[in-house]
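Hi,

Here is the structure I said I would pass on. Have a look at it first, and my notes on what turned up are underneath.

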Amino acid sequence: MSGVMKRMGMIFRAKANKALDRAEDPRETLDYSYQKQLELLQKVRRGVADVATSRKRLELQLNQLQGQSSKLEDQGRKALALGREDLAREALSRRAALQQQVSDLQTQHQTLQGEEEKLTLASQRLQAKVDAFRTKKETIKATYTAAQAQTRIGEAFSGISEEMGDVGMAIQRAEDKTQQMQARAGAIDELLASGALDDPTGTAKDDITAELDRLSGGSDVELELQRMKAELAGSSGPKQAIEGGTGGQAEQGRPQEQPRFDKQ
């Protein structure tokens, strides 16, 4: 049972992989990758901005503590001038505590400043990488689009594309049906001419009538041909007779009777 389940799982994964590969468009995948890189770049920039904000806040705190430290130092100096050594000692103790806080804030400030510089450098490098990827992405997309168009044109010329294949099959079916109808019509005409099929309209001729009509048509042609020959012969005869009569009259010096000929 486990073997059957593994086999079914393998078949399902293979078919799913094939379907995904067929549905995947490299241009859409490249655009999605570019979008994710832009989102990552935006996060890095926000990180740089957050670190810079924290650094600026520490600088403000440092300025405040340094101002308080200077104020306590002045107070201790005045108290000592007035003979209040106890007040001077208290002011100097508070100033020492502030100096410890200032030292800690300066350490944090240096750390944040180093992180800010690292993130800024990483942001610049990532920006250059994203720009290079965008250029490469557009190049690949243009090349893929051109190759796809060239492939479609080649398939259209060769007739192996799905659309042209359907058109070719439709044309082939139409030609087959046309030839079949022509063959059927010719067969019916031959059967009607031979008398094998009865013509319900009564207009079809049997074989004897068809043969008599053919012979009659040939006789009419022969008769017409003989008539045309006779007309040509009649036209040439009177012409020769007229020329002969004119010559004899000139030689004998007397008129001769002109021949008459009837119309045929």
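The chain has five helices and zero strands, so read along the sequence the pattern is simply α-α-α-α-α. Please keep in mind that this is a predicted model. Everything below was computed from its atoms, with side-chain atom pairs counted only at pLDDT 80 or more.

**The overall picture**

Of the 264 residues in the chain, 12% count as buried. The chain exposes about 21,300 Å², and carbon and sulfur atoms supply 56% of that area. If you take the contacts with a separation of 6 or more, 71% of them are between residues 24 or more positions apart.

**Lysine 137 and what surrounds it**

The residue I would look at first is lysine 137, which is in helix H3 (residues 85–158). Is lysine 137 buried or exposed? With a relative accessible area of 4%, lysine 137 is buried, because the cut-off for that word is under 20%.

Which residues is lysine 137 in contact with, once its neighbours within four places in sequence are left aside? The answer is Leu30, Asp31 and Tyr34. Two of these contacts come with extra detail, as follows.

Start with aspartate 31. A salt bridge links aspartate 31 to lysine 137, and the closest N and O atoms are 3.2 Å apart. Aspartate 31 lies in helix H2 (residues 26–81) and lysine 137 in helix H3, so this pair ties together parts that are 106 residues apart in sequence. The two side chains also show up as a polar contact, again at 3.2 Å. Unlike its buried partner, aspartate 31 is partly exposed, with a relative accessible area of 31%. The bridge is also part of something wider: Asp31, Lys137, Glu138 and Lys141 are linked in a network of salt bridges.

Then there is tyrosine 34. The charged end of lysine 137 sits over the ring of tyrosine 34, at 5.0 Å from the ring centre. Tyrosine 34 counts as buried too, at 15% relative accessibility.

**The aromatic pair**

How many aromatic pairs does the count come to? The count is one. Tyrosine 34 and phenylalanine 133 form that pair, and the rings are stacked, with 6.5 Å centre to centre and 15 degrees between the planes. Tyrosine 34 is in helix H2 and phenylalanine 133 is in helix H3, so here the pair ties together parts 99 residues apart in sequence. If you are wondering about the two values quoted, a pair of aromatic rings is described by the distance of the centres and the angle of the planes. Tyrosine 34 therefore has two partners in helix H3 to look at: the ring of phenylalanine 133 and the charged end of lysine 137.

**Other salt bridges**

Searching the whole structure gives 16 salt bridges. Besides the one at lysine 137, here are two to click on.

- Glutamate 116 and arginine 55 meet through their side chains in a salt bridge of 2.4 Å, N to O. Glutamate 116 lies in helix H3 and arginine 55 in helix H2, so the pair ties together parts that are 61 residues apart in sequence. Both ends are buried: glutamate 116 has a relative accessible area of 14%, and arginine 55 has 19%.
- Glutamate 90 and arginine 94 also meet in a salt bridge, at 3.2 Å, N to O. This one stays inside helix H3, where the two residues are four apart and hence separated by about one helical turn. Glutamate 90 is partly exposed, with a relative accessible area of 40%, and arginine 94 is partly exposed as well, at 49%.

**One more spot: leucine 98**

Leucine 98 lies in helix H3 and counts as buried at 11% relative accessibility. Which residues does leucine 98 touch, not counting those up to four places away in sequence? They are Leu65, Gln68, Ser69 and Leu72. Leucine 98 and glycine 67 are 31 residues apart in sequence, and their C-alpha atoms are 10.0 Å apart in space.

That is what I have for now.

Cheers

Definitions and conventions: Residues numbered from 1 in each chain as written. Predicted model: local features only at pLDDT ≥ 70, side-chain atom pairs only at ≥ 80, totals over all residues. Heavy atoms only, no water. Buried < 20%, exposed > 50% of the residue type's maximum accessible area, 1.4 Å probe, protein only. Contact = heavy atoms within 4.5 Å. Areas by Shrake-Rupley, 256 points an atom, 1.4 Å probe, with all protein chains shown as cover. Polar contact = N/O pair within 3.5 Å; in protein donor to acceptor, adjacent residues only side chain to side chain. Salt bridge = Lys/Arg side-chain N within 4 Å of Asp/Glu carboxyl O. Phe/Tyr/Trp six-rings, centres within 6.5 Å; stacked < 30°, edge-to-face > 60°. Lys NZ or Arg CZ within 6 Å of the ring centre and 35° of its normal.
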